[in-house]
Amino acid sequence: MACFSATNLFLLSFGVSLWTGEAAGFCASVFETQQDHALLGQVMETANVTDEFECHRKCIKNSTCKSFNVHPPGSNPIKKTCEMNNQTRQMKPKHYKKKIGSSYHGPVEVSCVNVMESNNQQKSGRCHPGYSGKKCTPVKKGSSPDFPGVSCKDIWKYTNTKKNGEYWINPKGTRHPFKAYCDMTTDGGGWLLVMNVITGSSHYDQLSVMTSYRGISDYHSNKMVINTSAMKELYRNLNFTQIRFHCRKHSVGRTFHVVTAANSSGNAVVQYFSGLTDDFPVSCGSYVLMEDDNSELARRCSEWNHGKSGKWSRSGEDWNSSVERLYNHAAWIPGLHHWDLKHRNPFECDDTGYRPSSGDFWKVFVR
């Protein structure tokens with residue numbers, strides 16, 4: 001929702017800029033300034049200006065201007081270069097780059113009522129959700145239980161963060177957000193950790209099976225696995241489209257690291273492990289290898305599941321459990337290479353029967 005037009009008003013309140021329409025019930029955006037950054041390749045018009053305010057005014061007058069860059073003086077020591085963009089950094093995050101000496105200026109959508117009432121908030125000593133500090137300034141999505149993201153991907157999209165770690169999410173949009181781990185760097189970022197097992201130095205801990213997706217906040221226990229019903233619950237709230245499997249076993253020097261492909265085969269894998277279908281998904285063509293993968297599993301997909309059927313999971317007997325799909329033989333070549341956390345002696349990552357060492361891990365992410 002862009003709030004740029006010739007009829008917009010420019011207000012300065014508590015150190016942030018606010019673009020707003022003249023009518024009641026207007027749309028609005030807090031206008032942020034990011035030093036030493038610029039949005040590249042989206043320039044629609046260039047002008048020489050004396051300062052950022054002049055560039056700001058030019059952008060207001062242009063109905064297609066959505067953000068602008070200001071670069072330091074070049075050959076003219078007095079004038080700065082004003083670049084008006086037809087996109088924002090949220091729209092084109094890959095084009096938002098560090099550029100020393102320049103500055104990026106663009107809108108961040110917020111509640112107009114919250115911003116306009118910031119003075120009242122300050123007097124009462126309380127800030128509305130999404131604001132904090134003495135001046136009730138906007139907080140970044142995911143950094144507070146009062147302003148959670150829907151998912152890691154949602155937080156990445158609106159903050160463009162490159163920092164892995166804990167963030168507040170609320171997939172269902174209820175009043176009960178919770179902390180989860182987000183991988184914001186691998187393969188573009190936006191990954192939510194839903195399974196995390198890391199072995200200790202001397203013994204196996206009993207796995208902690210999550211029967212609700214909210215249990216993924218226990219990732220730091222290093223023994224968290226999620227059952228299929230919880231995955232199904234999460235899928236219904238997030239509608240994620242990819243799953244990433246990542247395990248490493250130092251004693252055998254193996255890393256299995258794959259991401260489901262953006263095709264019908266990859267989607268079938270997501271559907272199966274989310275409990276939406278009982279049909280075993282085809283393995284070959286359903287995933288892509290990450291750079292650190294050196295596994296036999298990933299390279300011998302046609303041999304998965306009883307040797308020749310080339311399918312995910314393990315058929316026969318009780319292996320196709322409706323509750324254990326992600327950690328009970330999710331991928332395996334019989335007697336040779338397994339992904340398995342169901343049997344504690346031992347856990348397996350592209351091997352069979354080799355005892356884990358301290359620091360070996362099994363992780364599953366969704367995006």
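Buried means under 20% relative accessible area, exposed over 50% and partly exposed in between, with a 1.4 Å probe and protein chains only. Helices (H or I, at least four residues) and strands (E, at least two) are DSSP runs numbered from the N terminus.

The model is predicted, so to speak of local features takes a pLDDT of at least 70 and side-chain atom pairs count only at pLDDT 80 or more, while totals for chains, interfaces and linings use all residues. Residues are numbered from 1 along each chain as its sequence is written, and side-chain values use heavy atoms, with hydrogens and water left out.

**Exercise 1. Take stock of the fold and of the confidence in it.**

Step 1. Count the elements: the protein has seven helices and 21 strands.

Step 2. Look at burial: 48% of the 367 residues count as buried.

Step 3. Turn to contacts (heavy atoms within 4.5 Å). Among those between residues at least 6 apart in sequence, 58% join residues at least 24 apart.

Step 4. Check pLDDT, the predictor's confidence in each residue, from 0 to 100. The average is 84, and 79% of the residues score at least 70. Residues 1-28 have a pLDDT below 50, with 74 contacts in the model beyond near neighbours in sequence. Residues 111-118 are also below 50, and that stretch has 18 such contacts.

**Exercise 2. Describe helix α6 from its start to just past its end.**

Step 1. Begin at the start of α6, where a side-chain oxygen of N263 comes within 3.1 Å of the backbone nitrogen of S265.

Step 2. Find the buried residues of α6 (264-273): they are G266, V269, V270, Q271, Y272 and F273. Their cover includes α5 (228-238), β15 (243-249) and β16 (254-260).

Step 3. Move past the helix: just after α6, G275 has a positive phi of about 75°.

**Exercise 3. Where is A261, and is this residue buried or exposed?**

Step 1. Place A261 in the loop between β16 and α6.

Step 2. Read its accessibility: at 9% relative accessible area, A261 is buried.

Step 3. List its partners. Apart from neighbours within four places in sequence, A261 contacts G266, N267, G285, S286, Y287 and V288. The C-alpha atoms of A261 and Y287 are 4.5 Å apart, although 26 residues separate the two along the chain.

**Exercise 4. Work out what lines the second largest pocket, then follow α4 away from it.**

Step 1. Fix the term. On a 1 Å grid over the protein atoms alone, a pocket is an open set of points where a 1.4 Å probe fits, with protein on both sides within 12 Å along at least five of seven lines; lining residues have an atom within 4 Å of a point.

Step 2. Name the lining: P93, K94, Y96, K97, K153, W156, N160, K162, D187, G188, G189 and R367. β7 (96-109) and α4 (152-159) are the elements that each give two or more of these residues.

Step 3. Examine α4. S151 caps its N-terminal end, with a side-chain oxygen 3.4 Å from the backbone nitrogen of K153. Buried in α4 are C152, D154, I155, W156 and T159, and β10 (165-169), β11 (178-183) and β12 (191-198) are among the elements covering them. Just after α4, N160 takes a positive phi of about 55°.

Step 4. Finish with T186, in the loop between β11 and β12. Beyond neighbours within four places in sequence, T186 contacts W191, R244, H257, M290 and R367.

Key:
A polar contact is a pair of N or O atoms within 3.5 Å; within protein, one must be able to donate a hydrogen and the other to accept it, and residues adjacent in sequence count only if both atoms are side-chain atoms.
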